[in-house]
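These are my notebook entries on one protein chain. I set out to look up how its parts are arranged and how they pack together.

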Amino acid sequence: MPGTYGYCTPGYEAYEHPTPMEIAWAAGIFEGEGCAYRNGRNGTFALVAQKERWLVDRLQSLFGGSVKEIVRKPKASFKGGTYYGWNACGARARGFLMTVYKFLSPRRKEQAKFALGLRDNPNTKPALAQG
């Protein structure tokens, strides 16, 4: 039922069950190449962008989600080229983040907590105390 917490859109399921080693591998890839965020309207998102298609295909087979080809034009500070992005949202993103959480760095754990709705944005500075 769309709009229900925990709903997963059909067609984006994982094909395999990850082993503990594959979970640690995915956490390492996410640590270096991924991001997670929360959008008030659509919920939780986890993303990984990579030049190697096999890598994001492997994430999709282990955790579900979707893979898209991204073609970017060259700029002064960016080579451009074809990239591939793995994207999971909603319940799938929450499941992925909770699965890899124990393998993440403290910085990435804070990002995951924010994306999961467990804390405020880690990139905002606390307000100065008035005194």
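**Entry 1: the sheet.** I began with the strands of this predicted model. I found an open sheet of four strands, in the order β1-β2-β4-β3, with antiparallel pairing. Why does one side of β1 and of β3 lack a neighbour in the sheet? I noted that β1 (34-39) and β3 (66-72) stand at the edges and have a single partner strand each, so one side of each is left free of a neighbour in the sheet. I recorded an average twist of 25 degrees from one strand to the next. As background, I wrote down that strands of a sheet pair through backbone hydrogen bonds, in either a parallel or an antiparallel way.

**Entry 2: the strand pairs.** I then looked up two of the pairings. Strand β2 (residues 43-50) runs antiparallel to β1, and six bridges join the two. In this pair, I located Asn 39 opposite Gly 43 of β2. β2 is also joined to β4 by six bridges, again in antiparallel fashion. Here I located Val 48, which stands opposite Trp 86 in β4.

**Entry 3: helices on the sheet.** Which strands does each helix touch or cross? I found helix α2 (residues 53-63) lying across β2, β3 and β4 (81-89), and its direction runs at about 10 degrees to β4. I listed the buried residues of α2 as Leu 55, Val 56, Leu 59, Gln 60, Ser 61, Leu 62 and Phe 63. These buried residues pack against α1, β2, β3, β4 and α3 (91-100).

**Entry 4: α1 against α2.** I next looked up how these two helices meet. Their axes lie 11 Å apart, and the helices pack at an angle of about 130 degrees. That angle makes α1 oblique to α2. I recorded the crossing of α1 and α2 as left-handed. On the side of α1, the contact is made by Glu 22, Ile 23, Trp 25, Ala 26 and Ile 29, and on the side of α2 by Trp 54, Leu 55, Arg 58, Leu 59, Leu 62 and Phe 63. Sorted by class, the residues in the contact of α1 with α2 are nine nonpolar, no polar and two charged.

**Entry 5: Gly 64.** I turned to a single residue in the loop between α2 and β3, namely Gly 64. Just after α2, Gly 64 takes a positive phi of about 80 degrees. Is Gly 64 buried or exposed? I noted a relative accessibility of 0%, and therefore Gly 64 counts as buried. Which residues does Gly 64 contact, if neighbours within four places in sequence are left aside? I listed Tyr 12, Glu 13, Ala 14, Leu 59, Trp 86 and Arg 92. I also looked up the C-alpha atoms of Gly 64 and Asn 87, which are 8.7 Å apart, although the two residues are separated by 23 residues along the chain.

**Entry 6: the whole chain.** Finally, I surveyed the protein chain, which has four helices and four strands. From the N terminus on, I read the elements as α-β-β-α-β-β-α-α. The chain has 131 residues, of which 34% count as buried. Among contacts between residues at least 6 apart in sequence, I noted that 59% join residues at least 24 apart.

Note on methods
Residues numbered from 1 in each chain as written. Predicted model: local features only at pLDDT ≥ 70, side-chain atom pairs only at ≥ 80, totals over all residues. Heavy atoms only, no water. Pairing = 2+ DSSP bridges. Axes fitted to C-alpha atoms, helices over the stretch in contact; angles between N-to-C directions. Contact = heavy atoms within 4.5 Å. Buried < 20%, exposed > 50% of the residue type's maximum accessible area, 1.4 Å probe, protein only. Parallel < 35°, antiparallel > 145°, perpendicular 65-115°, else oblique. Left-handed = near helix turned anticlockwise from the far one by under 90°. Nonpolar A, V, L, I, M, F, W, Y, C, P; charged D, E, K, R; others polar.
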